[in-house]
Amino acid sequence: QVQLVESGGGLVQAGGSLRLSCAASGSIASVGAAGWFRQAPGKDREFVARISGSGGFTYYADSVKGRFTVSRDNAKNTVYLQMNALKPDDTAVYSCAVSEYGAGYTWQYWGQGTQVTVSS
């Protein structure tokens, strides 16, 4: 089992920045790819960004491309999401997810989420 805890959310003005962290504990050796997702009130959860287990490959939703950067520090068992040029439409609960090693991007484990609110 892997436990994930997100942090770094908060209230920020449009144009500002936040960095989210996702700390993993438990069976760390089984962790592979990681991803960030978000869910705004009244909307379905949507994909934001993902990163391979090695950190060498990343992929972003068109809505955040060029503004958000996903990274990871495997020595610290932590995945990050740097969010710049934030917009009110970015307001959502952001959750991280990880896949078991070798399982591609299939998201077996999820965190509880952290609230990001962007004011206009």
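1. In this predicted model, F37 is a buried residue, its relative accessible area being 9%. F47 has a relative accessibility of 23% and therefore counts as partly exposed, since buried means under 20%.

2. A search of the whole structure yields 5 aromatic pairs. One of them joins F37 and F47: the ring centres lie 5.8 Å apart and the planes meet at 75°, so the pair is edge-to-face. This contact links distant parts of the chain, with F37 in strand β4 and F47 in strand β5 (residues 46–51), 10 residues apart.

3. A further aromatic pair is formed by Y105 and W107, and its geometry is tilted, with 5.9 Å from centre to centre and 50° between the planes. Y105 is partly exposed at a relative accessible area of 35%, whereas W107, at 15%, counts as buried. Ring pairs bring F37, F47, Y59, Y105, W107 and W110 together in a cluster.

4. The search of the whole structure finds 1 disulfide. It is formed by C22 and C96, whose sulfur atoms are 1.9 Å apart. C22 belongs to strand β3 and C96 to strand β9 (residues 92–100), so the pair ties together parts that lie 74 residues apart in sequence. The link of C22 and C96 is right-handed, with 60° about the S-S bond. Both cysteines are buried: C22 has a relative accessibility of 2%, and C96 has a relative accessible area of 1%.

5. Strand β11 (residues 114–119) shows an alternation of side chains. T114, V116 and V118 point to one face and are buried, while Q115, T117 and S119 point to the other face and are not buried.

6. The pairing of strand β11 also deserves attention. Strand β2 (residues 10–13) runs parallel to β11, and 4 bridges join the two; V12 stands opposite V118 of β11. Strand β9 runs antiparallel to β11 and is joined to it by 3 bridges. Y94 has T114 in β11 as its bridge partner.

7. Finally, the largest pocket has a volume of about 180 Å³. Strands β3 (18–26), β4 (31–39), β7 (68–73) and β8 (78–83) are the elements that each give two or more residues to its lining. The lining of the largest pocket comprises 16 residues, and I28, V31, G32, R72 and N74 are those nearest the centre. By type, the lining residues divide into 8 nonpolar, 6 polar and 2 charged.

Terms used:
Residues are numbered from 1 along each chain as its sequence is written. This is a predicted model: local features need pLDDT of at least 70, side-chain atom pairs count only at pLDDT 80 or more; totals for chains, interfaces and linings use all residues. Side-chain values use heavy atoms; hydrogens and water are left out. On a 1 Å grid over the protein atoms alone, a cavity is a set of points where a 1.4 Å probe fits but cannot get out, and a pocket is an open set with protein on both sides within 12 Å along at least five of seven lines; lining residues have an atom within 4 Å of a point. Grid points are joined across faces, edges and corners, and a volume is the space filled by probe spheres set on the points. Ala, Val, Leu, Ile, Met, Phe, Trp, Tyr, Cys and Pro count as nonpolar, Asp, Glu, Lys and Arg as charged, and the others, Gly among them, as polar. A disulfide is a pair of cysteine sulfur atoms within 2.5 Å. Buried means under 20% relative accessible area, exposed over 50%, partly exposed in between (1.4 Å probe, protein chains only). Two strands pair if DSSP finds at least two bridges between them. Rings of Phe, Tyr and Trp (its six-membered ring) pair if their centres lie within 6.5 Å; planes under 30 degrees apart count as stacked, over 60 as edge-to-face and the rest as tilted.
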